Every structure is written in C-alpha cells, then in structure tokens.
Amino acid sequence: MPLSPNLRGALFMVVAMAGFTLNDAITKYSSQSMNMAQVMLIRGAFATLFVGTLAWQRGALVRLRSMLEPMVALRVLGEAGGTVTFLIALAHLPIASVSAVLQALPLAVTMGAALVFNEGVGWRRWLAIAIGFAGVLVIVRPGFEGFSVYSLVALACVACCAVRDLATKRIPKAIPTLLVSTATALAMTILGAALLSPMGGWTPMTGNSTALLALAAVLVLIGYQFIIMAMRAGDISFIAPFRYTALIWSILLGLFVFADIPDLPMIVGATIIIGSGLYALYRERVVGRRKIVAESTGPSMVPDGI
C-alpha cells in the first residue's frame, strides 16, 4: 500500500537526520584543523555549486525572484539565525550540552504548528510531547549543571530553527524545493565568509580536508532536500518528532567514529524521546486503519486523539 503523506514525511525526516548527523561528524573532525566559519564557507560553497547546478538543470532557477518571497526569506533568516546562535553556544558550552538543548526543537515546532497553524494535536500526542520533553530534561540534567547565559543562546537557536521549519510549511507549492535549497546554501556560504575574520581567519587546507568538506556539502544537500520534502509532505505536528532519530545516528557515530560511550542519563533520555516518536507513529497507524488516509492525514482534518 502507498504511504500516507504523514508516513512519507516521517521517512523523509529520518533520511534528513542521517544526512545532517553524518555532516556533523565530518564538521567536528574538520574543526580540529580550521575554524567553524571556514568550515561553513567551504562546505557552503560546495553545496551552493552542487544544488545550484542541479536546480539550473531542472529549470528551478527560472524565477529567481521567488527567493525574495516572504516565506523563503523568513526560512533563510531562521536558518542564518540558528547557525550563528549555534556557533556562539558551541564556542562556550560542551557540544553534548548544546546538542541536548537542541533536542527541544521538535517540541517547539510541534507546539508552534498547533498554536500558529491550528493543526490538530489530540491529547495522546500532547502526552507524547510531554513525555518527550521529560526525556530532554533527563539529557540536560539541569540540577547538576544548570543553565548559563549561553544555554539561553542555545535556546535562541531552537527558536530560530522552529521559525525556519514553520516558514517552510507555508512556502507556496509553486516554488521549487531546489530553489529554496539554493537560497539556503548560498546564504550559509555568505554567512561563513562574513564570520571568517572574526573567528580567526583562513587556514591553509589539504586535499583530504577539502574532499571531506565536499562530502559534507553533499550530505547537507541531502538533508536540506529531505527536510523540505518532509515538512511539505504532511502535518508538522506528526513529522517533527522524527527529528529524534538524529539521536540514534549520533550515538552510532559517536561509538564507531569517535569512540564516545554514552552515559546512563543520555541512554535513558534518548529512549524516552524516541519512544514518544514511535508512539506518534503507532497512533497514525491505528487511526489510519479506521479512516480513509485522505481523511486521517489532512492538515485540517486530523481526528481528535492522535
């Protein structure tokens, strides 16, 4: 049977998270020999070249003025704000702490979809959201470490990325996904160039480091494409929890690439968060068996109790 729009969007989100997490691993490795702005600049230049070429071949660049469409511009601004705040937080906090705070993003997106777009979120999914947030608290462990001002900067990153994803949902269908990806990649390249001098200037690169960043650009491109496809496919409130699969990819890469063994609170928190996402998928299947797919997945026709 063909997948419903929500299940298709969930699958797209899983692929997007794999691409972004693999890119993060390469970025972490590359940052040992150059500053983060240079990583953004080189990776962004490759991404712009790749996606721009693909967009040109498919005729997606015919209407360049569409890049100035308000929702496209808002998405790019959200992405830029999220990148800047992420870098500031990452410079002053452990990467595990920043990553833990960013796990609140699906919660922010889901609540934003319900409050701003009036998407139907029944009490069962609200309960899953609450349990997922409890899992975030287990990972953050505020009683042990607490929040500094830079933790608030990390939360600002969450807010910026939520704006980005909510804006994606409202981009007109007539605007090609490739055009949106091109605008985003170009903006990140310009941002990296602007931050290069303040973050330490240029470091000479080897062939291996250049090739790694080219690969990272391909992975970012995959992530951009699939996350846009995911957010356009179905209800944000259903799709957003599948961002949590990034935890699975992060744990696996940490084990096999960096030999990082997750501690017990991280395992417990990740289990709780992933469990809430799986329960949301279970509710979609239960409702789907009782209703026609078109009636059970439409943005304004989601039954109570999902």
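**Close-ups of Asn35 and the α1–α11 crossing**

**View 1. Asn35 and its polar partners.** A polar atom of the Asn35 side chain sits 3.4 Å from the backbone oxygen of Met199, and the backbone nitrogen of Gln38 is 2.8 Å from a polar atom of that side chain. Polar contacts here are N or O pairs within 3.5 Å, with one atom able to donate a hydrogen and the other to accept it; residues adjacent in sequence count only if both atoms are side-chain atoms. Keep in mind that this is a predicted model, with local features needing pLDDT of at least 70 and side-chain atom pairs pLDDT 80 or more, while totals for chains, interfaces and linings use all residues. Numbering runs from 1 along each chain as its sequence is written, and side-chain values use heavy atoms, leaving out hydrogens and water.

**View 2. The surroundings of Asn35.** Asn35 is in the loop between α1 (5–30) and α2 (36–57); helices are DSSP runs of H or I, at least four residues, numbered from the N terminus. Asn35 counts as buried because its relative accessibility is 13%, and buried means under 20% relative accessible area (1.4 Å probe, protein chains only). Leaving aside residues up to four places away in sequence, Asn35 touches Leu196, Met199, Gly200 and Gly201 (contact: heavy atoms within 4.5 Å).

**View 3. α1 meets α11.** The α1 axis comes within 9 Å of the axis of α11 (residues 245–256), crossing at roughly 35°; axes are lines fitted to C-alpha atoms over the stretch in contact, with angles from 0 to 180 degrees between N-to-C directions. On the α1 side are Val14, Met17, Ala18, Thr21, Leu22 and Ala25, meeting Thr245, Ala246, Trp249, Ser250 and Leu253 of α11.

Notes
Helices (H or I, at least four residues) and strands (E, at least two) are DSSP runs, numbered from the N terminus. Buried means under 20% relative accessible area, exposed over 50%, partly exposed in between (1.4 Å probe, protein chains only).
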